[in-house]
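Colleague: I'd like a close look at one cavity, please, and then a tour of the secondary structure and ring contacts beyond it. Keep the cut-offs in, since I'll want to know what each word means.

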Amino acid sequence: MTDRLPGTADAGGWRRLHPLSPLLRGGLALIVIAGVIVANARDWLVRIFVTDRIDGGMTSSVEEGDPISEIMNRGWALPAIGIALGVILLIVLFSWVAWRFHTYRITGEAVEARTGVLFRQHRRAPLERIQSVNLQRSLLARALGLTKIDIVTAGQGGKVELAYLGHRDAKLVREQILGAAARKRGGDAESFEGGAAEPQLSATTDPATGLPVAPAGAAAGFAAEGPTDFTGVSYGVPADRLTECARDFVDADIDPASAAEGSLVRVPVGRLIGSILLSWESLIAIGLLALVLVGGLAGLLRALSENGEGLVRFASSMALGMMVSLVPLVLVFAGILIGQFNKGFNFAISRGRDAVRIGAGLTSTTTESIPYGRIHAVEARQPLFWRPFGWWKLRITTAGHSVAQGGQNNVQNVVLPVGREDDVVRVIDALLPGAGNESTGRSALRDGLSGSHPAGYLGAGPGAGWVLWWGRRRAGLRIADPELQSATLLVRRGFLTRSLSVMPILRAQSIQLRRPLVHRALGLASLAAHTLLGPVRMEMRGIALADAQREFDALSRTVLAVQGAEAEGRAAVVAARVTDEAPAAGEALPVGEALPADAAPTVHVAPTVDVAPTVDETPAVDAAPGAPLRRPRGADRVSAPDPAATLDLNTDSAPRPEREQ
């Protein structure tokens with residue numbers, strides 16, 4: 001088969017990265033050494049190349065304490081030049097050896113990378129566990145036309161880095177990885193020739209060019225994806241090499257098909273700046289600064305009422321206070337605001353064939369491609385001072401981040417820094433296909449975002465104001481489309497910061513009904529659905545106990561029905577493949593040949609409940625969004641919950657309500 005990936009593969013399918021990658025991975029030491037030499041020798045370079053005469057002051061500065069002068073005076077010029085050249089050669093040699101030993105390959109099961117010379121390291125990212133494929137470009141990497149690929153998998157520290165490839169090569173490798181991962185999750189992993197690195201051409205690959213093409217019905221022009229501007233329009237064929245490099249430097253990496261279909265969502269710079277200035281971080285910084293200034297003004301007025309000595313004491317204490325409190329505060333909040341601006345500049349989100357593509361950045365750019373089915377929950381948030389403008393922010397919960405990053409990083413999980421209500425609905429539809437692609441679904445999302453009394457939501461119970469305060473009127477919980485495969489759980493809450501959280505029922509790991517002390521005293525309960533650790537919290541407090549028990553029952557039946565139907569569908573796919581690959585009657589299975597890898601995990605359907613997916617790897621929905629469900633046998637026999645109960649979906653046995661201790 002013809003090579004489709006950049007570079008030349010060896011017998012095992014391993015390929016090398018870009019030859020300039022050592023310059024960004026560790027060769028910067030060479031630039032530092034050269035800078036030190038030039039900085040110390042600049043006066044001598046001026047004497048040699050600019051003028052033959054240096055005035056006395058400059059001569060003294062050159063000769064006193066200058067390393068170059070000492071070397072020249074002692075006659076060590078040639079040995080010093082030899083040592084410098086030797087160090088440079090050693091750095092170049094070690095970088096070249098490290099580049100030779102840094103290889104990668106893409107197989108039918110995983111993306112692998114090998115690094116190290118003395119201490120070898122082999123990292124492997126299974127295709128079915130890939131959570132996102134990210135392209136990262138620092139300013140220097142953009143200038144050199146290089147791009148780093150991060151393949152993020154479920155689990156802490158589960159990441160494979162390919163640093164660096166040419167920019168266009170990196171985009172091609174990304175499409176190959178996403179396509180192979182999509183086929184693997186779909187139960188149709190491509191075969192590979194003799195363990196070689198590349199997948200066979202599929203229906204989404206053009207046999208003539210080897211480039212990805214859109215499936216039937218997709219927008220034209222999806223294939224040869226080159227550099228694009230910030231509106232998603234391709235630049236076309238460059239006239240020369242310099243133009244090609246310039247276009248790669250400013251490439252926005254937007255899917256042209258999304259721009260053509262109108263599914264592209266962008267954030268204007270003016271709106272981004274306004275949202276940052278009206279964010280809670282900016283307002284807190286301004287408030288603290290105002291307190292410091294008011295305190296300083298009060299002290300100044302008091303000092304003026306005293307003699308001159310009091311004014312001097314005030315000036316010294318004020319300067320010290322500014323240095324101790326104000327300067328660090330300004331630096332911290334300035335760093336936060338600059339980071340938000342850099343992360344949101346030229347922000348664009350678009351839908352691709354196999355993933356949602358999110359790109360942004362001012363100096364350093366990042367493009368994150370999240371495969372469909374890898375997002376476990378979405379939350380729209382609206383701070384108080386964004387309401388007059390109708391602005392919202394979106395963040396997600398997905399696997400692949402560490403425990404600390406899951407809920408503490410406010411920038412990393414943001415997929416829409418600021419957008420209007422229509423943008424939020426479109427992005428939620430892109431992230432969770434089926435949640436907002438129908439007119440009724442879009443209307444339900446809009447009601448959940450800004451509706452005063454949306455229909456279908458279970459509200460807070462009597463006396464909930466003691467636990468929800470002013471958020472009692474907005475609080476609500478709804479199970480949307482419980483009879484469909486695309487059923488979702490929606491939770492509204494908040495007063496100062498409004499929020500709407502959306503979670504596909506398929507992603508639920510457990511559901512819980514609990515009654516803390518204050519809730520128990522008021523006859524209330526809290527209902528929560530648990531998924532992966534992340535910033536999105538699927539919980540509603542302050543529900544009347546009887547309503548909470550009924551909703552727990554309904555949610556339990558919906559979860560069992562949705563996940564049971566999905567498990568039956570996967571079992572049917574596995575059974576069909578095993579039947580197709582089974583030997584004919586009377587034909588023996590070849591010695592050493594086993595069943596396909598994806599047929600190994602057999603799905604057992606219990607009489608009353610189906611096996612639920614694992615924590616990190618809930619399979620993607622195979623049925624089309626909106627497909628009707630078949631309720632599994634025994635799903636209606638879920639018992640009524642205790643006042644504080646948990647339905648755990650992560651065990652192989654039937655889930656049992658458990659009272660909290």
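Modeller: What follows starts at the cavity and works outwards.

First, the ground rules: this is a predicted model, local features need pLDDT of at least 70, side-chain atom pairs count only at pLDDT 80 or more, and totals for chains, interfaces and linings use all residues. Residues are numbered from 1 along each chain as its sequence is written, and side-chain values use heavy atoms, with hydrogens and water left out.

Now the cavity itself. Rolling a probe the size of a water molecule over the atoms shows where empty space is left. Here a cavity is a set of points, on a 1 Å grid over the protein atoms alone, where a 1.4 Å probe fits but cannot get out. The count is 6 cavities of 30 Å³ or more, and I've picked the second largest, with about 60 Å³ of space. (Grid points are joined across faces, edges and corners, and a volume is the space filled by probe spheres set on the points.)

Its lining (residues with an atom within 4 Å of a point) consists of Glu-175, Leu-178, Gly-352, Arg-353, Asp-354, Ala-355, Val-356, Arg-357 and Ser-369. By class that makes 4 charged, 3 nonpolar and 2 polar residues. Asp, Glu, Lys and Arg are the charged ones, Ala, Val, Leu, Ile, Met, Phe, Trp, Tyr, Cys and Pro count as nonpolar, and the others, Gly among them, as polar.

Which elements each supply at least two residues of that lining? They are helix 7 and strand 10 (355-360), with strand 10 giving the largest share at 3 residues. Helices (H or I, at least four residues) and strands (E, at least two) are DSSP runs, numbered from the N terminus.

Helix 7 covers residues 167-185, 19 in total, and spans 27 Å from its first C-alpha to its last, close to the 27 Å expected at 1.5 Å a residue. That expectation is 1.5 Å times one less than the number of residues. Helix 7 is mostly covered, with 16 of its 19 residues buried. Buried means under 20% relative accessible area, exposed over 50%, and partly exposed in between (1.4 Å probe, protein chains only).

Strand 10 sits in an open sheet of 7 strands with antiparallel pairing, in the order 7-6-5-11-10-9-8. Strand 7 (159-166) and strand 8 (265-266) are at the edges with a single partner strand each, so one side of each has no neighbour in the sheet. Two strands pair if DSSP finds at least two bridges between them; strand 10 and strand 9 (residues 348-351) run antiparallel with 4 bridges. One bridge sets Ala-348 against Gly-359 in strand 10.

Moving away from the cavity, there is an open sheet of 4 strands, antiparallel, in the order 1-2-3-4. Its edge strands, strand 1 (15-16) and strand 4 (121-126), each pair on one side only. Strand 3 (residues 110-115) is joined to strand 4 by 6 bridges, and Ala-113 has Arg-123 as its bridge partner there.

Further along the chain, strand 20 (residues 524-530) pairs antiparallel with strand 19 over 5 bridges and with strand 21 over 4. Gln-512 faces Ala-528 in strand 20, while Ala-525 is opposite Ile-543 in strand 21. Strand 19 (residues 510-514) has 4 of its 5 residues buried, so the rest of the structure largely encloses it. Strand 21 (residues 539-544) is largely enclosed too, with 5 of 6 residues buried.

Last, the rings. Phe, Tyr and Trp rings (for Trp, the six-membered one) pair if their centres lie within 6.5 Å; planes under 30 degrees apart are stacked, over 60 edge-to-face, and the rest tilted. That gives 6 aromatic pairs. In one of them, Trp-280 and Phe-385 have ring centres 6.0 Å apart and planes at 70°, so the pair is edge-to-face. Trp-280 is in helix 11 (residues 280-304) and Phe-385 in the loop between strand 12 (375-383) and strand 13 (392-398), so the contact ties together parts 105 residues apart in sequence. Trp-280 is partly exposed at 30% relative accessible area, and Phe-385 is partly exposed at 38%.

Terms used: On a 1 Å grid over the protein atoms alone, a cavity is a set of points where a 1.4 Å probe fits but cannot get out, and a pocket is an open set with protein on both sides within 12 Å along at least five of seven lines; lining residues have an atom within 4 Å of a point.
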